[in-house]
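Reader: Hello! I'd love a close look at the charged side chains in this structure. Could you walk me through them?

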Amino acid sequence: MSEDDKPGGKPAIKAKAKIPNAKNIRSPEFTPHGISAGRGSGLNRPSAPSALTAKQARKRRTLMIAGLVVVALAISGGVVWWVNRPGPEIKVTGKFASEPKVDIPTDLAPEGKRKATVPIRGTGPKIANGDALYVQYAFYQWSKDKDEEDSSKQSTSKQLGSSYKQEAQGQPTRPLVVGKSGIKGFDQGMVGQTAGSRVVLQIPPSEGFGKDGAQLGLSGSDWVVFVVDVQAVVPKSPAPQGTKKELTDKKLPKVEDQGAGKAPKVTIPKGEDAPKKLEVKTLVEGTGPALAKGDEAVVNYQGKIWDTGKEFDSSWAQGGSPAKFPIGTGGTVPGFDKGLTGAKIGSRLLLILPPAEGYGKKGSPPSIKGDDTLVFVVDIIAKIQK
């Protein structure tokens with residue numbers, strides 16, 4: 001057994017390693033555990049100097065923050081709009097007093113209570129129960145329709161009537177009296193609206209045509225949509241509105257007021273010859289705008305014959321329903337055209353028409369002869385807005 005193999009023997013040292021002095025250790029040769037000092041590491045590499053000044057850096061940060069705020073607000077606003085976006089609604093477009101374009105969307109279901117919207121709001125007098133309305137209108141059947149194949153389809157609609165079509169066929173429309181139209185939803189929905197307005201009424205079955213609806217093809221569950229352009233409002237008992245003017249000429253008829261909604265008392269002077277020329281006297285000067293050529297005037301009037309004092313015509317005697325006359329276009333007798341042109345709404349006029357300004361030599365048999373002078377008292381109540 002060799003000496004090296006003996007128990008307790010000291011191993012033979014064959015070579016000695018030289019331990020480097022700590023002062024001679026260079027940094028690449030001594031690195032703390034877990035941290036690389038190779039070229040790929042950026043931890044121990046000095047950063048490049050910034051090309052921005054401190055002020056520029058602050059400005060850049062401010063702009064970045066502002067940009068983030070704008071983006072956040074835009075996203076937030078988009079979410080709010082989507083959640084609160086407007087639902088489908090009935091849309092009515094077109095010029096006032098001209099046939100409108102009406103779009104009743106199929107994804108809008110008729111439900112709830114009566115609804116009134118005003119796409120065009122006028123500045124004329126307010127409507128009260130009992131007022132007579134001169135209007136242009138169109139109305140539509142609006143029915144619920146749950147389409148199993150198309151869940152978005154909630155309703156159907158079709159036009160049932162139109163004053164525009166009536167007039168095109170030569171059928172003039174008559175004024176509607178609020179409270180007596182026969183359509184509860186129309187009567188109640190128009191109260192408080194103003195002349196010059198376009199009103200859209202969504203009327204439920206309980207306030208519609210009732211039993212008469214069957215004649216129009218309406219079922220008991222159908223709604224009705226009215227689009228109404230209010231061209232003039234006539235109060236239940238109209239009267240002149242303005243400043244009273246005294247008539248001192250004793251050779252002319254005497255006119256005495258009898259109260260709102262009533263015909264005046266007209267007394268023709270006895271033994272006086274009728275004037276040879278047109279006479280126009282303002283008894284009450286109205287406060288409204290003046291009538292011009294092409295206007296349509298809404299008036300109450302009374303006509304008598306000078307020689308006999310006999311009344312030959314009167315709107316007051318016809319249930320108090322005013323008449324509508326075109327002005328300055330030859331639609332009535334010449335003296336009426338001339339006398340009303342330039343007169344203000346609200347006025348009361350006395351017109352004396354010799355034959356040439358009335359019905360001429362032929363007269364208007366059997367009531368008016370060719371040589372009759374006519375006496376009119378005219379109250380100008382309103383004009384038709386177009």
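Reader: To start with one residue, is Glu-272 buried, partly exposed or exposed?

Author: Happy to help! Please keep in mind that this is a predicted model. Glu-272 is partly exposed, because its relative accessible area is 31%, and a residue counts as buried only under 20% and as exposed only over 50%. Glu-272 sits in the loop between strand S11 (265-267) and strand S12 (279-286). On the surface, Glu-272 belongs to a patch of negative charge, together with Asp-249, Asp-273, Asp-307 and Asp-371.

Now to the charges that do pair up: the model has 13 salt bridges. One of them joins Glu-207 to Arg-114, with the closest N and O atoms 2.7 Å apart. This pair links distant parts of the chain, 93 residues apart: Glu-207 is in the loop between strands S7 (198-203) and S8 (223-234), and Arg-114 is in the loop between strands S2 (101-103) and S3 (115-120). Glu-207 is buried at 15% relative accessibility, while Arg-114 is partly exposed at 30%.

Strand S12 brings us to another bridge, in which Glu-285 meets Lys-245 at 3.4 Å, N to O. Glu-285 lies in strand S12 and Lys-245 in the loop between strands S9 (242-244) and S10 (254-256), so the bridge ties together parts 40 residues apart in sequence. Glu-285 is partly exposed at 32%, and Lys-245 is partly exposed at 37%. Both belong to a network of salt bridges that includes Lys-344.

Technical notes. Residues are numbered from 1 along each chain as its sequence is written. This is a predicted model: local features need pLDDT of at least 70, side-chain atom pairs count only at pLDDT 80 or more; totals for chains, interfaces and linings use all residues. Side-chain values use heavy atoms; hydrogens and water are left out. Patches are made of residues with over 30% relative accessible area and no salt bridge: like charges are joined within 9 Å, nonpolar side chains (Val, Leu, Ile, Met, Phe, Trp, Tyr) within 5 Å. Accessible areas come from the Shrake-Rupley method with a 1.4 Å probe; for residues, only the protein chains shown count as cover. A salt bridge is a side-chain nitrogen of Lys or Arg within 4 Å of a carboxyl oxygen of Asp or Glu. Lys and Arg count as positive and Asp and Glu as negative; His and the chain ends are not counted. The place of a charge is taken as NZ of Lys, CZ of Arg, CG of Asp or CD of Glu. Helices (H or I, at least four residues) and strands (E, at least two) are DSSP runs, numbered from the N terminus. Buried means under 20% relative accessible area, exposed over 50%, partly exposed in between (1.4 Å probe, protein chains only).
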